[in-house]
Amino acid sequence: MSSPGFELPLRLLLAFRMLIDELHAELARQGHPDMRPMHGFVMQAIGPDGTTAVELGRTLGVSKQAAGKTIDTLERIGYVERTADPHDTRRKIVRLTPYGMDALARSARIFDTLRARWAAELGEGRLQALESDLRRMTPANPWRLDIPGWFGSL
């Protein structure tokens, strides 16, 4: 008997939620207690070279004001800093701080650990098959950073 159509997206969302919740619990243990799920999308969108609030809003699919509020929060908790654009002193560039870069590096290692746990539970072959099937059914580029805008707001 096949499952009802609504179960697939719910199960995928639940798997995502479980992984993200486990990630953030471990990040808190490793010195990043203020990191929230949406912060990861924002910090990835800022990237290693930095960005402006306008560009960040465009990438995330939110308004400049919403992006600015999130930048304020991330700046207050130490993950980003605003600096003058060397090419245009009227513009402010948002950059990750060493603390922000540490959070992203730790996240990558934690995700590897979580994946290894799934492989141990399901078997490496089954997990690889699941990943392969998901790659087949989704766009080639998994880096969709407009999730905040897609969900509605930051």
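Colleague: Which residues of H2 are buried?

Modeller: First, the terms: a helix is a DSSP run of H or I with at least four residues, a strand is a run of E with at least two, and both are numbered from the N terminus. Buried means under 20% relative accessible area, exposed means over 50%, and partly exposed is in between, with a 1.4 Å probe and protein chains only. In H2, the buried ones are His39, Phe41, Val42, Met43, Ala45 and Ile46. Right after H2 comes Gly47, with a positive phi near 70°. Keep in mind that this is a predicted model, where local features need pLDDT of at least 70, side-chain atom pairs count only at pLDDT 80 or more, and totals for chains, interfaces and linings use all residues. Residues are numbered from 1 along each chain as its sequence is written, and side-chain values use heavy atoms, leaving out hydrogens and water.

Colleague: Which residues touch the most other members of the largest nonpolar core?

Modeller: The general idea is that nonpolar side chains tend to be buried together in soluble globular proteins. A nonpolar core here is a set of buried Ala, Val, Leu, Ile, Met, Phe, Trp, Tyr and Cys residues joined through side-chain atoms within 4.5 Å. The largest one has 23 residues, and Met43, Ile46, Leu56, Leu74, Tyr79 and Val80 touch the most other members. At least two residues of this core come from each of H1 (7-29), H2 (37-46), H3 (53-60), H4 (64-76), S2 (88-96) and H5 (98-122).

Colleague: What is Val80 in contact with, beyond its sequence neighbours?

Modeller: Contact means heavy atoms within 4.5 Å. Skipping neighbours within four places in sequence, Val80 contacts Ile46, Ile71, Leu74, Glu75, Val94, Arg95, Leu96 and Thr97.

Colleague: Now a polar residue: is Thr51 buried or exposed?

Modeller: Thr51 sits in the loop between H2 and H3. Thr51 counts as buried because its relative accessible area is 7%. Look for polar contacts too: these are pairs of N or O atoms within 3.5 Å; within protein, one must be able to donate a hydrogen and the other to accept it, and residues adjacent in sequence count only if both atoms are side-chain atoms. The side chains of Thr51 and Glu55 make one at 2.9 Å. Not counting residues up to four places away in sequence, Thr51 also touches Ala45, Ile46, Leu56, Lys92, Ile93 and Val94.

Colleague: And why does Asp112 count as exposed?

Modeller: Asp112, in helix H5, counts as exposed because its relative accessibility is 55%. The C-alpha atoms of Asp112 and Arg17 are 16 Å apart, with their positions 95 residues apart along the chain.

Colleague: What about Met101, how accessible is that one?

Modeller: Met101 is also found in helix H5. With a relative accessible area of 46%, Met101 is partly exposed. From Met101 to Leu74 it's 27 residues in sequence and 12 Å in space, C-alpha to C-alpha.

Colleague: Zooming out, how many helices and strands are there?

Modeller: Seven helices and two strands, running α-α-α-α-β-β-α-α-α from the N terminus on. The C-alpha atoms fill a box of roughly 60 × 30 × 20 Å along the principal axes. Of the 154 residues, 29% count as buried. Among contacts with a separation of 6 or more, 56% come from residues 24 or more positions apart.
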